[in-house]
Amino acid sequence: MTDIDFPGTKFRQYTLRTALHVALIVGTIIFLLPIFVVVNTSLKAPAAINLATTWHLPAEIHWQSYVEAIEEFGPRIWNSITLVTNATLLSAIIGSLNGYVLSKWRIYGERILFPLILLGMFIPYQGVLIPLFEFMRAARLYGGIPGLIIIHTIYGLPITTLIFRNFYVDIPDEMLEAAAIDGAGFWDIYTQIVLPLSVSGFVVVIIWQFTQIWNEFLFAVTMTTGASEPITVGLAQLAGGEAVHWNLPMAGAVIAALPPLIVYLILSRYFIRGLLAGSGH
Amino acid sequence: MRNRRDRFIALLMLMPTFILLGIFVYFFLGKTIYYSTTDWGENPAQPALSETVIRQNVGLENYQNLMTDVIQAMFRNSLTNMFFFFVFFVIGSIGLGLLLTLILDQKIVGEAFFRTIFLSPMALSFVVTGTIWRWLLQPDGGLNYLPTVFGLEPFHFNWLNSQEVWLQFTWDKVPLYLTFVGFALFALLAVRRALRQDWRSLGFIVSLAVIVILIFISGLWNYIWLPLDVVQVESSIAPKGFNAALVGIIIAAIWQMSGYVMAILTAGLRGIPEDLREAAQVDGCSSLRVYTHIILPQLRPFVISTIIILGHISLKVFDLVFAMSGPDNARTVMPGILVYTKGFRQNSFAQASAIATIVLLLVVIIIVPYLYMQLRDHD
């Protein structure tokens with residue numbers, strides 16, 4: 001890290017550094033204003049909410065909005081949990097196998113096939129939406145969570161494959177060669193050497209997939225209906241109507257935000273690794 | 001490890017992914033492109049959702065309609081909206097992200113805490129962000145009333161419902177602007193060549209610039225561009241521009257994504273060898289020169305990749321706008337939203353496919369060269 005060696009005396013340097021810190025703190029407060037407003041509004045009684053008093057603290061804490069929001073979400077919370085658990089684990093397991101094959105086994109045509117897998121990560125999903133809708137209807141999977149699990153598993157494969165491939169490249173080939181000489185085959189090497197070394201790779205992938213799928217909206221709103229929707233669709237409906245009582249969508253927003261936010265706060269180091277992998281670094 | 005049976009198993013293990021992505025990505029994209037050349041959903045005699053629907057090939061008619069039909073003005077609005085969203089969202093996020101990166105590089109007390117805060121919106125859904133900001137941007141409350149906390153007058157900007165249009169332009173002026181942009185680029189290139197005393201390529205660039213000017217003077221542009229009915233109609237009745245209603249959405253998007261820029265640029269900054277910085281300082285470089293001559297040039301590839309990532313996000317933008325101003329708002333509509341409303345609300349599958357194909361094309365144009373460069377650099 002480089003210090004800006006400000007010209008002048010030590011005193012001036014000290015003042016400038018203090019000013020920098022103060023500016024940063026003010027910036028952080030501005031940055032956090034939306035969070036303050038959500039929590040603040042969600043804790044007010046509906047009667048106490050009016051536009052002009054957005055910034056006033058609640059006269060008394062009103063937890064009822066959270067209870068109501070959970071009731072409004074109904075099965076959608078559980079839908080999201082089912083969706084995220086299944087799709088995350090499936091895409092992580094398949095991605096791990098893919099990464100193992102792509103990093104440790106020479107596959108014919110790999111230089112063309114790997115970029116084609118990666119491109120799947122960047123395509124606009126609007127471009128597959130209509131054929132996907134047709135397919136899901138024909139397969140009798142349209143409208144429900146099982147269909148959405150399949151969709152998120154498949155479209156998650158490019159990123160999980162990429163993260164695991166880059167992760168496994170660092171495992172020295174000599175280690176695997178030695179095992180191979182001792183007679184270990186494809187599966188022995190995977191289960192006895194690669195998999196035990198993959199724990200942090202799995203943490204990165206699971207956190208990334210968990211937050212992405214939990215937060216996803218486009219597939220959710222087009223491929224599920226009614227009681228089978230995940231939580232993001234429920235939140236959009238909660239906030240969508242005109243003349244809504246804003247305590248409810250704000251409480252809903254907090255509930256929908258909490259799971260990925262908690263995971264991020266506890267494991268941000270791994271979250272950032274997923275983030276960087278997704279941008280090719 | 002190289003025996004034939006194991007290599008066969010390895011290939012076999014990769015097959016499901018190839019087949020699934022082959023179908024769900026490439027085959028489906030191909031199908032969308034095909035549907036965009038049919039009348040699926042446009043022919044009243046053929047119910048769009050019937051399992052025995054007959055789709056007739058209409059060539060490029062859907063694209064022609066989108067570009068020229070007066071009732072498809074919504075689509076052309078969505079293109080201008082996307083353009084302004086792209087420009088201001090990318091500039092804003094990178095500006096703020098770069099600022100945060102450089103500030104947090106100054107041995108800040110509590111650096112990790114600040115980083116965690118600024119990156120935290122990345123863990124939120126765009127739907128959550130949109131819901132929060134929609135409340136913050138209510139005209140008679142929220143941000144507008146923040147000054148009242150300090151006893152000041154409230155603002156009266158109508159955020160998401162604003163009818164104001166800035167930077168207005170009409171379609172018939174677009175060739176002129178494009179010529180200006182092209183000419184400015186040539187001028188920039190020419191100056192750089194001249195500074196490097198690269199006279200031969202300077203001559204090449206100047207002659208290219210002369211060709212551009214000649215095309216414009218000769219009126220060839222107008223010959224290509226103006227015969228479109230829509231150019232004439234919309235130029236006279238409905239000027240396009242930067243809808244003020246987009247400002248709030250852009251702010252929310254910057255709030256969410258600037259931490260992401262910070263994370264990538266910080267990774268880039270940490271990749272700069274410490275001795276490079278120290279050597280520059282020992283050589284008597286002032287700290288400002290260390291930044292302009294060493295750090296910023298080293299960060300350039302990272303800035304370029306964030307431009308591309310954020311750029312392709314803004315081409316696909318859907319959930320944030322959906323949650324903030326709804327899918328039917330003409331002032332903030334985006335192509336990514338029109339695919340949804342046309343396809344899933346109105347069953348105009350062919351038109352939705354044509355719009356999706358246009359978005360796909362734009363994304364491919366910026367992502368494919370990027371992926372190519374990334375993979376080439378890694379190998």
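**Exercise 1.** Determine how much space lies in the largest cavity of this predicted model, and describe its lining.

*Solution.*
Step 1. The volume comes first: the largest cavity holds about 1100 Å³ of space. The count of cavities of 30 Å³ or more comes to one.
Step 2. Next, the lining is examined. It consists of 42 residues. Those nearest the centre of the cavity are Tyr125(A), Gln212(A), Phe126(B), Ile313(B) and Lys316(B).
Step 3. The lining is then sorted by residue type, which gives 27 nonpolar, twelve polar and three charged residues.
Step 4. Finally, the largest share is assigned to an element: helix 9 (residues 199-215) of chain A supplies six lining residues.

**Exercise 2.** Locate Arg76(B), classify it as buried or exposed, and identify what its side chain lies beside.

*Solution.*
Step 1. Arg76(B) belongs to helix 3 (residues 73-103) of chain B.
Step 2. Its relative accessibility is 3%. Buried means under 20%, so Arg76(B) is buried.
Step 3. A polar atom of the Arg76(B) side chain lies 2.9 Å from the backbone oxygen of Asp69(B).

**Exercise 3.** Compare the phi values and the burial of Trp159(B) and Asn347(B).

*Solution.*
Step 1. Most residues other than glycine have a negative phi.
Step 2. Trp159(B) has a positive phi near 20°, and Asn347(B), likewise not a glycine, has a positive phi of about 55°.
Step 3. Trp159(B) is in the loop between helix 6 (146-149) and strand 1 (165-169) of chain B. Asn347(B) is in the loop between helix 15 (335-345) and helix 16 (349-378) of chain B.
Step 4. At 12% relative accessibility Trp159(B) is buried, whereas Asn347(B), at 24%, is partly exposed.

How values were computed
Residues are numbered from 1 along each chain as its sequence is written. Chains are lettered from A and ligands numbered from 1 in the order in which they are written. This is a predicted model: local features need pLDDT of at least 70, side-chain atom pairs count only at pLDDT 80 or more; totals for chains, interfaces and linings use all residues. Side-chain values use heavy atoms; hydrogens and water are left out. On a 1 Å grid over the protein atoms alone, a cavity is a set of points where a 1.4 Å probe fits but cannot get out, and a pocket is an open set with protein on both sides within 12 Å along at least five of seven lines; lining residues have an atom within 4 Å of a point. Grid points are joined across faces, edges and corners, and a volume is the space filled by probe spheres set on the points. Helices (H or I, at least four residues) and strands (E, at least two) are DSSP runs, numbered from the N terminus. Ala, Val, Leu, Ile, Met, Phe, Trp, Tyr, Cys and Pro count as nonpolar, Asp, Glu, Lys and Arg as charged, and the others, Gly among them, as polar. Buried means under 20% relative accessible area, exposed over 50%, partly exposed in between (1.4 Å probe, protein chains only). A polar contact is a pair of N or O atoms within 3.5 Å; within protein, one must be able to donate a hydrogen and the other to accept it, and residues adjacent in sequence count only if both atoms are side-chain atoms.
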